[in-house]
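Colleague: Please take me through the ligand site and explain the terms as you use them.

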Amino acid sequence: MAITTEARINPSMNGKTKETRVKTYQNFIAGKWCDSESGETFENRNPADTTDLIGTFPLSTVGDVDRAVASVKKAFEWWRKVPAPEKGHMFFKLAELLRERKERYSFDMTREMGKPIFETRGDVQEVIDTVDYAIGESRRMFGHTVPSELPNKFNMTIRFPIGVAGLITPWNFPMAIPSWKTVPALACGNTFVIKPAQITPLSVNNLIEAFLDAGFPPEVLNVVHGSGSKVGNRLVEHPDTAIVSFTGSSAVGRQIGEVGGRMLKRISMELGGKNAQIVLNDADLEMAVDAAVWGGFGTTGQRCTATSRVIVEEGIHDKFVAAYIEATKKLKLGYGNDKGVTMGPASSEAQLKTDLSYIEIGKKEGATLAYGGKRAIGPGLDNGYFIEPTIFTGVKRDMRIAREEIFGPVVSILKVKDFKEAIDVCNDTEYGLSSAVFTKDINKAYVAFRDIECGLTYINASTIGAEAHMPFGGMKATGNGHREGGWEAYEFYSETKACYVDYSGTVQRAQIDNYV
Ligand code: TAP
């Protein structure tokens, strides 16, 4: 991959797992690794130890984006005609390479983003699963054949590639989310320019490196690093990006929707969440606690599907709270590439500040701070953005900590009198991404499927844990109705064309045009 310099030996972090060189990374535009025309860069630092400088990346300009879009637009003309099964062979090679490189890419991801290595291995595995799915899907780009309303006429639909995709991704799944977009985009015959989050640029360079080594033509994929307001915004408003796929906050999603909507682009938006786990009186307590610890504090609460509310029926409430606090105490904070660490830092200073500010808001609103609540300090933590896993009890549905996305390890527990109230509280948010219900009552499980307003509902499992071949996305302010993952992503990245062949030997009018 594009490394132009190796600047210095990094003095920080004495552990064996540390990477010692500081590198300069580049964009990939028009088939070449290159710097930005601005000559400016930004730093990528380890959030577990900010003295650990991983490398610098180009702070790109609108001009860089325009060059990238022009290049992939040209490549689209021939890439769209490459048979999908031939693309499938490239995906086969890509999956092999990713399996070989899983450990290296996971290490890099933990270093730049903070989540523990067992989680970043899962992130890379999600990429592998997404690519495996594409291998099969490349031979299954199904259309329909349907009977015509007229004699001697044949009707079918085909999937049709769309053009250039502008892809904008967040930092919490630095490789998995980019793969959810890049893989089906290419498989369907589109070309792309991707702008990764500035917090996690290395993982996308690693992904691009793997694509190239697997034999994908360099002209069909570009990466341009830089700010959302400049690079991301240009991808949205560029007249030649026919597709925009964005994962990030609802606030930015609304802006993108306005601009892209005016230009009549195909836009997919996966946005915020305020997910709830419901625990009913008949729940298996141990499982419910395990799931709420994993869902609430896995990825330091920085998953769009994180369990930020636990809605507990009153009969089991006190037992649940006591067990939940005990289980949370066992989490071990630290640098995620070190052995035994189960929770990493917040991924940025800004996110840490947001988390701490919501803890103050919760206290002022009158919720009870039952556990945690402070910046975490101590050996191995002082140079990072660590925060204690935090639990509020006595939370009411109208409190801000029960309604607004925090995106950190701050969990609100709400007590309810019955299942009906639990569903009502669960739906009482502008978001609709994930939900979970712990119960042994099959009838309640199906009522939950019917009544919870979310794109994902789990029974007896955590709110986190998507599978690559299933549709992923949310209702209400979580998105605009599209889904990533599985077959639905292939529908988003392709158009349907209706094709007719009349073999009657006459010009037949369609039924609607036959007046007699
Ligand atoms: P955002 O601040 O929205 O940033 C997401 C991406 O958009 C980044 O690459 C960012 O660039 C870019 N961006 C920022 N402003 C932009 C603009 N005006 N035009 C175009 N692009 C722009 O979100 P985040 O803080 O990275 O991620 C956290 C949010 O993402 C949470 O709300 C979370 O729920 C959501 N999320 C949702 C999902 C799904 S699937 N629903 C999955 C993961 C995350 P910079 O690098 O410059 O910031």
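Colleague: Which helices and strand each supply at least two residues of the shell around the ligand?

Modeller: They are helix 6 (228–237), strand 12 (241–247) and helix 7 (250–262). Helices (H or I, at least four residues) and strands (E, at least two) are DSSP runs, numbered from the N terminus. This is a predicted model, in which local features need pLDDT of at least 70 and side-chain atom pairs count only at pLDDT 80 or more, while totals for chains, interfaces and linings use all residues. Residues are numbered from 1 along each chain, and side-chain values use heavy atoms, without hydrogens and water.

Colleague: What makes L271 a polar contact of the ligand?

Modeller: A polar contact is a pair of N or O atoms within 3.5 Å. A backbone N or O atom of L271 lies 2.7 Å from a ligand nitrogen atom, so the pair qualifies. For Q255, a polar side-chain atom lies 3.3 Å from a nitrogen atom of the ligand.

Colleague: Why is the ligand said to lie between domain 1 and domain 2?

Modeller: Domain 1 (61–150 + 158–271 + 479–494) and domain 2 (275–459) both give residues to the shell, so the ligand lies between them. The domain bounds come from an automatic or database assignment.

Technical notes
A polar contact is a pair of N or O atoms within 3.5 Å; within protein, one must be able to donate a hydrogen and the other to accept it, and residues adjacent in sequence count only if both atoms are side-chain atoms.
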